[in-house]
Amino acid sequence: MITADFRAMAESDWQSITDPSIPQIFIGMATCGEAAGALSIYKAMESALIKNRIKARIHKTGCLGMCYCEPMVDIIKPGQPRITYKNLTPETASELITDYLINGNYRPDLALGVWGKELDGIPNLFGLDFMKFQQRTALKNIGVINPEDISQYVACGGYKAFEKALGTSQQNIIDEVEKSGLRGLGGAGFPTGLKWKACYKTQSFPKYMICNADEGDPGAYMDRSLLESDPHSVLEGMLIAAYAIGCSRGYIYIRDEYPLAIKRMAIAIDQTRQYGLLGDNILDSDFSFDIEIREGAGAFVCGEESALLASIEGNRGMPRHRPPYPAESGLWGKPTDINNVKTLANIPAIITNGAEWFAGRGTESSKGTAIFALTGKVANRGLIEVPMGITIRRIIYDIGGGVPDGKKFKAVQTGGPSGGCLPAELLDLPIAFDSLAAAGSIMGSGGMVVLDEDTCMVDVARFFLDFAQQESCGQCIPCRLGTKQMFEILDDITKGNGKQTDVDVLLELSDSIVRTSLCGLGRTAPNPVLTTIRYFRNEYDAHINDKKCPANVCQALVNGGQVDE
Amino acid sequence: MNVISPVLSFFKKRDDKKTDKEIVRENPCIDCSICLEVCDKGLWPSVLMADIKAGQFEDARKHGIDQCNDCGDCSAECPMSIPLYKYLRVGKVLSQYNKDKSGLIPILLELQSNYGYLPEDMISHIARYLNLSVGHIRSVASFYKSLRLTPPGRRHVCICRGTACHISGAPKLTRETEKLLGIKEGETSADNEYTLDTVACVGCCALAPVITVNSETYGKMDREKIKKQLKIPGDKDENPG
């Protein structure tokens, strides 16, 4: 039960962390932080504290999204602002304890930024290029709070939106979400409000609510980061959606490649249950709802909603024909609402601040913010949340800091295996669902991989088709055999066996696959080939006619066919 | 693949022509109740085993199987060396789930996390419990990439083949690791030490290229780091050919 007492207690506890009497240390411990060595930093700092007999509190937070600075540590010393340190090693981490906590030297050489007004030699964290163009809504808590502690989420205004939603009618909430113009951030961009309305109107019970956290797109990891760093925001979004639609049971479908996300989500669910936010008669209302975690088992196609349903039901994850859409006949034939992690994480902010506030940002048809995982050949790699309509140039050059090592930018890949590669000419394209679709790519789940001049576009197309043909469920022929044929043609081209007619055959095959496949996997699988042919036709010609790979990537075409190891 | 284990042998049809020796081999329990005496939780492992063998998971639950803490004392003390803990482990997982098809994938994943793969006999256990055909379970297990029907090596190495890893040199890394370990992708080394696989994306794209070893993630890998991480002795790959 979220009583005033609990909220007050959580807030005073949070107060004692942000304005502490003993030093507070925050270590970013999401998967990427741990892979970068956060665990050894944790041990080094702990032993340095014990050795110097310093009383301090260590918090394990999620990740701030600045993956290029991992491992990161934040320190709040009594009377001082929160300072973020970057790229620490166990040695520099223990130096930091002695230098800053004992001698008062805040080590500007190790610091990244300070939360608030700049100190001597340390800039304001939120004034950094990486942060200043961002508008964080769904990501506002990541790296700030401890994801395993519900009270920190509550202290930052958590579950207020849900309490507000419980006080209004279901129709009101659906109208609010519809008015906000929020579109599904899982890739397809279907208006969330319409989906909810369809499910709400279907008169069949029980209804199910599913959070799709099967983030299979290679090159995208914002869902993982959200689940690991702020699981309660997703739970709150689910609770609001379930209340609005009238669902009695929910599932979170997380892929099993994300063990830490599963663990943190399980802890979060336990805590919400403990505080009466899940279960029967939530917060003394008539609304009863419970959530269960379902692990995916390594199938990309299960991100498609009907395949996901089949997987939860205990079958092979194979998509089926739609309509009927899940909103009418989903899990076990009952109405089911399926939303992506990022969509749900936006819901509490819409309920708290109102539809107008949300609709005030973004473009005419794409409202709000977009979350991207900026990776590849770019200086500042990480998670960003930017308003819709921002240009690609701003993302790559201002936020991302451009292409490192003085290399030339060649293309940016968005939308994973369903998306496409956009060339330098389109750098000023505003990011929105429709503009990306017009350019031949898609918004997708939000992977944004920057490719430099050392990347061969034919090889990239081959890579995605290899992925698509491996992940095809094998149910419909265009996808199963078509992607395989396309992959083999591309493979031949990269091996120097390309024929003059290959590009035309690829275009023809793509056309049939796009038009006749059963599900989104097949319908979008040719996109990487179509966009690379559209924008980088010269590279295909060089491979086929001159038997040369301009980027020197394709092994068979460099060094006269000698494999360079 | 054909794994013959004690569990499987029990499910074979009882043959009256069998000698006493064979019958004892199939059900070696002599009702000495030593397992009952050694169990910290006060369970009777041989009774639980009988429940599980008979597919009576409700009875196993009534007899308190969920309290079993996998200590293995019962098997260690058994005078007939019956691998009681094996039955208890399978039974404990199965009895947690309802007799419902929707429990299939969670059961398979949990059993796999205990054993590293899905032995043939376990699939028949699950089939009996969930009232599904063995064929259905095999079709599901072969569909999902995380589910294995063959045992992996002690170090399960997965190289990420996500987009960011691909352009940061994952294909080259895969070739080099194949050479280092002397096995191809998807294979297990002869000494059962390494299994090499690829994974779609582990979501650590900023640290590309990434590998995972037994579910631990390591970023910014190259040949030398892989060698260090996998503790590969010597330079056997330096030999030509």
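Me: What makes a residue buried, partly exposed or exposed in this predicted model?

Reply: A residue is buried if 20 or more other C-beta atoms lie within 10 Å of its own, exposed if 12 or fewer, and partly exposed in between.

Me: Why does B:Ser33 count as partly exposed?

Reply: B:Ser33 has 13 C-beta neighbours inside 10 Å. Because exposed requires 12 or fewer and buried requires 20 or more, B:Ser33 counts as partly exposed. This serine lies in the loop between α2 (20–26) and α3 (34–38) of chain B.

Me: Why is B:Ser81 called exposed?

Reply: The count for B:Ser81 is 10 C-beta neighbours inside 10 Å. The cut-off for exposed is 12 or fewer, and therefore B:Ser81 counts as exposed. Its place is the loop between α6 (73–77) and α7 (84–96) of chain B.

Me: What makes phi notable at B:Ser33 and at B:Ser81?

Reply: Most residues other than glycine have a negative phi. Phi of B:Ser33 is near 60°, a positive value in a residue other than glycine. For B:Ser81, also not a glycine, phi is positive as well, near 55°.

Me: Which peptide bond leading to A:Pro206 is cis, and which one leading to A:Pro323?

Reply: The bond from A:Phe205 to A:Pro206 is cis, with omega near -5°. A:Pro206 is found in the loop between α9 (192–201) and β6 of chain A. A cis bond also joins A:Arg322 and A:Pro323, where omega is about -5°; A:Pro323 sits in the loop between α13 (305–312) and β9 of chain A. Most peptide bonds, by contrast, are trans.

Me: How do you know that β7 and β8 of chain A are paired?

Reply: Two strands pair if DSSP finds at least two bridges between them. Six bridges join β7 (residues 249–254) of chain A to β8(A), and the two run parallel. The criterion of at least two bridges is therefore met. Within β8(A), A:Glu295 stands opposite A:Ile254.

Me: Why are β8 and β9 of chain A called edge strands?

Reply: The open sheet has four strands in the order β8-β7-β6-β9 (chain A), with parallel pairing. β8 (290–295) and β9 (336–340) of chain A each pair on one side only, and are the edge strands. From one strand to the next, the twist averages 20°. Helix α11 (residues 231–245) of chain A lies across β6 (208–213), β7, β8 and β9 of chain A, at about 150° to β6(A).

Me: What makes up the side of chain B that touches chain A, by class?

Reply: In the contact, 34 residues of chain B meet 43 residues of chain A. The chain B side has 21 nonpolar, 11 polar and two charged residues.

Conventions
Residues numbered from 1 in each chain as written. Chains lettered and ligands numbered in written order. Predicted model: local features only at pLDDT ≥ 70, side-chain atom pairs only at ≥ 80, totals over all residues. Contact = placed C-beta atoms within 7 Å. Nonpolar A, V, L, I, M, F, W, Y, C, P; charged D, E, K, R; others polar. Axes fitted to C-alpha atoms, helices over the stretch in contact; angles between N-to-C directions.
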